[in-house]
Structure formats: structure tokens, C-alpha cells
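Okay, thanks everyone, I'll keep this short. Have a look at the sequence and the structure on the screen, and then I'll walk you through them.

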Amino acid sequence: DRDEFYRDALSYTEYQYVTPGVVVVSPGTSVQTACGPASSGFWGFYCPPDGTLYLEEALLQQLQPEQDFAAAFVIAHEWAHHVQTVIGFDRTTAPTTWNQVHSIELELMADCFAGAWAKDVDARGLLEPDDIDEAISFTIAKLGDPAYIDVYDPQAHGTAEMRVTSFKNGYEQGFLGCNVSL
């Protein structure tokens, strides 16, 4: 679904969408990626050098029974990083051009893109009544940076409140809520 959503969204732009690779890492195993090993406890990440999302099976299984849309949000967030790479955004500690952004900007944009995808899913009548609340609750409980992480830390993702706001901006306004015109 995310593939079709982004293929359509980028079809109106100069960017050529390419489907990312997806690897689900089983419990107790490790997979070597172009970004280093993916071992138990990583939850999910996107590796730009090999264009692949790595997802931890244990997390997805844990969320699936009661928080299936929280699992979908994790996947949508990582998929958004792939799209950011296709568009040309680059994570850096000292941005000097339009496409260079701090980690926190890239991460909050990925949350917003995930919200834009959720808006599309909702417009097609595929969301369950509590799906958005699931993603928000999961974000508040598990995904915000602790207070000691500086906003310009090279791995900053944003506080839970910042991440919820970004997701909601995408969900309510689409890509315009992400300050990106696609």
C-alpha cells in the first residue's frame, strides 16, 4: 500500500520512485546491512546505501494483536525515509543546502509523511476507529527522545509531543502539513 501511495505521489514530480527492499529480521538472528548489523532490539530502520527497510519481527508480532496500526506506523515511518532519500534529503550535522537537514528534521518529516499516508488510508475508508489513537499512544509511550537528548544530537528524533504533532500534521493536511510540496 505504501509503495502505491508513494509511486502515485511522486508521479507528479521530477523524482523517480523506486520500491525499497524490505527485510524482516527474525528473533535471535542478525542481518548484515550496508549500515551495519541489524540484531535484536533495533525495532526498525532504513539503510540508504542499500535502499532497504529493516524491521524487527519481534516488535511487529508484539504490536500486531492489539496495536496493528502502531506497527503500520513504524513501517510507514521507515518507508518515508526511503522516499526522503529518493527526493534527495540528506542527514547532516551542519546543513548548508536545501536538502541537507538535521536528524530531528528528517525524523519529524518521516513522522509527517507517515501521517500523510494515514490520511490517504483513511480517505479510502480503510482505517479502523482507533487506528490513529494507536499510533499516537505508541508514539507517546515508546518513541520520544528523553529530555537529555539535545535537539541537534546526530540521532535526535524529537520528543514524543513533537513526533505526535508531526504525525497529526501529515494526517490532517497531507504533505502540505510536512512543509513539502509533492
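Before anything else, one term: when I say nonpolar core, I mean a set of buried Ala, Val, Leu, Ile, Met, Phe, Trp, Tyr and Cys residues joined through side-chain atoms within 4.5 Å. And please keep in mind that what you're looking at is a predicted model.

So, with that term in hand, here's the core. The largest one in this chain has 46 residues, and the ones with the most contacts inside it are Tyr6, Phe69, Val83, Phe113, Trp117 and Phe167. Who supplies it? At least two residues each come from helix 1 (2-10), strand 5 (52-56), helix 2 (57-63), helix 3 (68-87), helix 4 (103-123), helix 5 (131-143) and helix 6 (160-173). Helix 3 is the top contributor, giving 12 residues. Then there's another core, apart from that one, with 6 residues, including Val25, Phe42, Cys47 and Tyr54. As background, nonpolar side chains in soluble globular proteins tend to be buried together.

If you want one residue to click on, try Val83. Leaving out residues up to four places away in sequence, Val83 touches Tyr6, Leu10, Tyr17 and Phe113.

Okay, zooming out to the whole chain. We've got 6 helices and 7 strands. Reading from the N terminus, the order goes α-β-β-β-β-β-α-α-β-β-α-α-α. For 182 residues, a compact globule would come out with a radius of gyration near 16 Å, and this chain has 16 Å, so the two agree. The C-alpha trace spans about 40 × 40 × 35 Å along its principal axes.

How much of the chain is buried? Of the 182 residues, 47% are. On the outside, the chain exposes about 9100 Å², with carbon and sulfur atoms supplying 51% of that. And if you take contacts between residues at least 6 apart in sequence, 62% of them join residues at least 24 apart.

Charge, since somebody always asks: there are 8 positive and 27 negative charges, and their mean positions sit 2 Å apart.

Now a few individual residues, starting at the N-terminal end. Arg2 is in helix 1. Buried or exposed, what would you guess for Arg2? Arg2 has a relative accessible area of 13%, and the cut-off for buried is under 20%, so Arg2 counts as buried. As for what's around it, setting aside neighbours within four places in sequence, Arg2 contacts Ala72, Ile75, Ala76, Trp79 and Trp117. Take Ala76 from that list: Arg2 and Ala76 are 74 residues apart in sequence, but 7.1 Å apart C-alpha to C-alpha. And Trp117 you've met already, as one of the residues with the most contacts inside the largest core.

Next, Trp43, which lies in the loop between strand 3 (36-38) and strand 4 (44-47). Trp43 has a positive phi of about 70°, and it isn't a glycine. For context, most residues other than glycine have a negative phi. Trp43 has a relative accessible area of 30%, so we call it partly exposed.

Moving along to Gln100, in strand 7 (residues 100-101). Gln100 is partly exposed as well, at 23% relative accessibility. Not counting neighbours within four places in sequence, Gln100 is in contact with Asp90, Thr92, Ala94 and Pro95. Compare that with Phe45, which is 55 residues from Gln100 along the chain: their C-alpha atoms are separated by 19 Å.

Last stop, the stretch around helix 5. Ala141 is in helix 5. With 59% relative accessibility against an exposed cut-off of over 50%, Ala141 counts as exposed. Ala141 and Ala160 are 19 residues apart along the chain, and their C-alpha atoms are separated by 7.8 Å. In the loop between helix 5 and helix 6 you'll find Pro146. Pro146 is partly exposed, at 35% relative accessibility. From Pro146 to His157 is 11 residues along the chain, with 9.9 Å between their C-alpha atoms.

So if you remember one picture, make it the 46-residue core, with helix 3 giving the most to it. That's me done, over to you.

Terms used
Residues are numbered from 1 along each chain as its sequence is written. This is a predicted model: local features need pLDDT of at least 70, side-chain atom pairs count only at pLDDT 80 or more; totals for chains, interfaces and linings use all residues. Side-chain values use heavy atoms; hydrogens and water are left out. Helices (H or I, at least four residues) and strands (E, at least two) are DSSP runs, numbered from the N terminus. The radius of gyration is taken over C-alpha atoms; the globule rule is 2.2 Å times the number of residues to the power 0.38. Buried means under 20% relative accessible area, exposed over 50%, partly exposed in between (1.4 Å probe, protein chains only). Contact means heavy atoms within 4.5 Å. Accessible areas come from the Shrake-Rupley method with a 1.4 Å probe; for residues, only the protein chains shown count as cover. Lys and Arg count as positive and Asp and Glu as negative; His and the chain ends are not counted. The place of a charge is taken as NZ of Lys, CZ of Arg, CG of Asp or CD of Glu.
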